[in-house]
Amino acid sequence: MGGALVDGERLWTRLTEMSAIGAQEGGGVTRRSFTDEERAAKDLVISYMEEARLSVYEDAVGNLFGRLEGSDPEALPVLVGSHVDSVVNGGNFDGPLGVLAGVEVLKTMRDLGQVSRHPIEVVAFTDEEGARFGLGMLGSRALAGTLTAEDLQRTDENGLSVAEAMREYGLDPGRFGEAARPAGSVRGYVEVHIEQGSVLENEGLSVGVASGLTGSVRLKFCLNGEARHAGTTPMSLRRDALAAAAEAMSLIESRAAETGTTVGTVGQLELKPGGINIIPGWVSFSLDLRDMDRERRDQVEASIIRGVEGICKKRKIKLGVKTLQRNDPVLCSELVQSAARRAYEELGLRPCYLPSGAGHDGMQLAALCPMGMILVRSQNGISHSPDEYTSKEDCADSARVLYHTVLDLADGA
Ligand SMILES: [Zn+2]
């Protein structure tokens with residue numbers, strides 16, 4: 001069958017070629033959105049798409065597509081893909097594997113002269129990581145029609161807005177709405193992505209099917225106490241914002257751990273004035289909270305906020321809590337999961353279902369069409385790091401599963 005003819009060597013060579021773009025000293029890559037590096041990565045993908053004789057086009061926000069026509073001109077397209085932008089000093093597999101595995105599937109079909117009923121499009125989404133403007137999934141939001149003009153006003157560290165960066169990149173930001181596709185206009189979306197966790201490695205499996213994507217709530221806590229002299233203020237008279245924050249973080253860790261499935265992380269911390277002999281009067285810290293179960297996540301969130309309020313009250317600290325982002329968990333569709341299940345059977349692989357702890361473009365596309373993901377074993381679960389690694393064999397396995405999954409979706413009624 002065709003799946004066996006997917007060329008794992010070619011896929012690996014292309015992943016290696018992609019790794020040279022935006023390569024960093026000491027390993028890893030930096031390809032932020034709307035930069036020369038991201039452009040070069042897309043140009044490389046275009047060359048592979050052209051080799052597979054796909055029709056290549058880019059939409060109003062720079063999402064790149066390579067399309068293989070189907071036999072039925074009325075049939076809705078199946079989308080496969082991922083992204084080629086990266087975080088700062090990220091790994092070589094996060095994103096490119098999904099795009100290049102998609103191109104590999106279509107190249108294999110071309111070489112075998114296979115034509116499915118539905119057209120198939122490989123997509124490299126613009127700015128999935130949000131490493132420059134902090135939003136993320138920009139291209140897939142545009143496709144799903146949920147990107148707003150306000151989102152384009154976000155700025156990078158140099159004060160340059162998304163809209164300005166788009167203009168510099170050769171796009172007209174005023175036309176971003178043209179990238180939107182109406183609900184029901186896509187047959188399905190399937191993405192191959194590294195797991196970025198350790199479940200598959202622990203199971204001894206190369207690939208698994210995502211059951212869903214966990215949704216994150218992101219909060220910012222601001223604690224206002226009093227900055228005073230470290231030598232002359234007795235412990236009983238202090239309103240130490242950092243000591244309160246430390247207690248709050250300890251509470252966050254234990255409340256998240258209690259459920260067994262929730263994960264909570266404080267990844268950012270700022271304090272003022274920051275003197276060795278001054279009691280910190282002001283502290284701000286972030287919280288990223290995730291769970292596949294929205295209700296459970298929201299309960300943990302509420303219990304954390306109540307707990308931190310209690311800590312601050314006791315310490316006479318003024319507290320402010322701001323919600324930065326609230327993404328609900330998304331279940332993968334039965335259509336894509338069952339297509340992937342049949343692909344496993346075809347290949348004689350043991351199926352495994354697991355939630356994805358990371359966010360992906362599929363979260364946005366869930367509003368547009370049936371969506372699913374094929375997750376691939378990550379060595380030691382490491383990602384967003386130059387040490388991110390997935391073996392050549394595992395990459396090839398994922399492309400084989402993708403091949404059968406896509407054909408299942410593209411031939412079906
Ligand atoms: Zn990714």
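**Notes on the zinc site, cysteines and rings**

1. A nice contact to start with: the charged end of Lys-272 sits over the ring of Trp-282, 4.5 Å from its centre (the rule asks for NZ of Lys or CZ of Arg within 6 Å of the ring centre and within 35 degrees of the ring normal). Please keep in mind that this is a predicted model, where local features need pLDDT of at least 70, side-chain atom pairs count only at pLDDT 80 or more, and totals for chains, interfaces and linings use all residues. Residues are numbered from 1 along each chain as its sequence is written, and side-chain values use heavy atoms, leaving out hydrogens and water.

2. The zinc ion has His-83 (NE2), Asp-94 (OD) and His-193 (NE2) as its protein donors, 1.9 to 2.2 Å away (donors are N, O and S atoms within 2.8 Å of the metal, or 3.2 Å for Na, K and Ca; water is not among the atoms, so sites may look incomplete). Both His-83 and Asp-94 are buried (under 20% relative accessible area; exposed is over 50%, partly exposed in between, with a 1.4 Å probe and protein chains only).

3. No need to look for disulfides: the whole structure has zero (the rule is a pair of cysteine sulfur atoms within 2.5 Å). The sulfur of Cys-332 is 11 Å from the closest cysteine sulfur, in Cys-369, which is too far for a bond.

4. Aromatic pairs number seven (centres of Phe, Tyr or six-membered Trp rings within 6.5 Å; planes under 30 degrees apart are stacked, over 60 edge-to-face, the rest tilted). Tyr-57 and Phe-65 are stacked, because their centres lie 4.8 Å apart with planes at 10°.
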